[in-house]
Amino acid sequence: KRIGEELNQRLVHPLECSKLEYPITSRRLREEGGVTMVFWLDENGRVTESMVFNSSGSHRLDLAAQSWIKECKFDITKLKNLKDDWRAIRVKFELSN
């Protein structure tokens, strides 16, 4: 439970990102899910390292989330203790009917 609370305190939203691409095979197979990523930022708000904390259950969706997060930029002026401090984000993949 303590890790979950810590994770919630470290959730951030990107300042800017490219469009999240739904993997074609995942769309065809109707795979959906949420991925929780943890990541580290440089002094410019760019992701330097990331990893899957909670998987969506689909390797394809997890890889798509990891690829997407690398293209995001974050507002570091709103973040404390940037150096050696991880952040988290939840990425949802949902299909429309």
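The following exchange between a student and a tutor works through a predicted model of one protein chain.

Student: In what order do the helices and strands of the protein chain run from the N terminus on?
Tutor: The model is a predicted one, and its protein chain contains three helices and three strands. Read from the N terminus on, the order of these elements is α-α-β-β-α-β.

Student: What percentage of the contacts with a separation of 6 or more is accounted for by residues 24 or more positions apart?
Tutor: The protein chain has 97 residues, of which 38% count as buried, and about 6,700 Å² of the chain is exposed, with carbon and sulfur atoms supplying 46% of that area. Among the contacts with a separation of 6 or more, the share that belongs to residues 24 or more positions apart is 73%.

Student: Which element gives the most residues to the largest nonpolar core?
Tutor: The largest nonpolar core is made of 19 residues, and those with the most contacts inside it are Phe-39, Ile-69, Phe-74, Ile-89 and Phe-93. Two or more residues come from each of strand S1 (33-41), helix H3 (59-69) and strand S3 (87-93). The greatest contribution, five residues, comes from H3.

Student: What covers the buried residues of H3?
Tutor: The buried residues of this helix are Leu-61, Asp-62, Ala-64, Ala-65, Gln-66, Trp-68 and Ile-69. One of them, Ile-69, touches Met-37, Phe-39, Val-47, Ser-50, Phe-74 and Ile-89 when residues up to four places away in sequence are not counted. The cover over the buried residues of H3 includes H2, S1, strand S2 (47-54) and S3.

Student: Is Thr-36 buried or exposed, and with what relative accessible area?
Tutor: Thr-36 has its place in strand S1. Leaving aside neighbours within four places in sequence, Thr-36 is in contact with Leu-7, Met-51, Val-52, Phe-53, Asn-54, Ile-89 and Arg-90. Because the limit for a buried residue is under 20% relative accessible area, Thr-36 counts as buried, at 7%.

Student: How many residues apart in sequence are the parts that the disulfide of Cys-17 and Cys-72 ties together?
Tutor: The structure holds one disulfide, formed by Cys-17 and Cys-72 with their sulfur atoms 1.8 Å apart, and with 120° about the S-S bond the link is right-handed. Cys-17 counts as partly exposed at 30% relative accessibility, whereas Cys-72 counts as buried at 0%. Since Cys-17 lies in the loop between H1 and H2 and Cys-72 in the loop between H3 and S3, the parts tied together are 55 residues apart in sequence.

Student: Why is the pair of Tyr-22 and Phe-93 edge-to-face, and how many residues apart in sequence are the parts it ties together?
Tutor: The count of aromatic pairs comes to two. In the pair of Tyr-22 and Phe-93 the ring centres are 5.3 Å apart and the planes stand at 85°, so the pair is edge-to-face, given that planes over 60 degrees apart fall in that class. Both Tyr-22 and Phe-93 are buried. Because Tyr-22 lies in the loop between helix H1 (2-9) and H2 while Phe-93 lies in strand S3, the pair ties together parts whose separation in sequence is 71 residues.

Student: Which residue meets Arg-60 in a salt bridge?
Tutor: The count of salt bridges comes to one, and the distance from N to O in the bridge of Arg-60 and its partner is 2.6 Å. Arg-60 sits in helix H3 and the partner in the loop between H2 and S1, 29 residues apart, so that distant parts of the chain are linked. Arg-60 is partly exposed, with a relative accessible area of 33%, whereas the partner is buried, at 17%. That partner is Glu-31.

Student: What distance separates the C-alpha atoms of Lys-73 and Asn-44?
Tutor: Lys-73 is found in the loop between H3 and S3 and is partly exposed, with a relative accessible area of 26%. Not counting residues up to four places away in sequence, Lys-73 touches Pro-14, Leu-15, Glu-16, Asn-44, Gly-45 and Arg-46. Lys-73 and Asn-44 are 29 residues apart along the chain, and their C-alpha atoms are separated by 8.0 Å.

Student: Near what value is phi of Arg-30?
Tutor: Arg-30 is found in the loop between helix H2 (24-28) and S1. Its phi is positive, in a residue other than glycine, and is near 60°.

Definitions and conventions
Residues numbered from 1 in each chain as written. Predicted model: local features only at pLDDT ≥ 70, side-chain atom pairs only at ≥ 80, totals over all residues. Heavy atoms only, no water. Core = buried A, V, L, I, M, F, W, Y, C linked by side-chain atoms within 4.5 Å. Buried < 20%, exposed > 50% of the residue type's maximum accessible area, 1.4 Å probe, protein only. Helix = DSSP H or I, 4+ residues; strand = E, 2+ residues; numbered from the N terminus. Contact = heavy atoms within 4.5 Å. Areas by Shrake-Rupley, 256 points an atom, 1.4 Å probe, with all protein chains shown as cover. Phe/Tyr/Trp six-rings, centres within 6.5 Å; stacked < 30°, edge-to-face > 60°. Disulfide = S-S within 2.5 Å. Salt bridge = Lys/Arg side-chain N within 4 Å of Asp/Glu carboxyl O.
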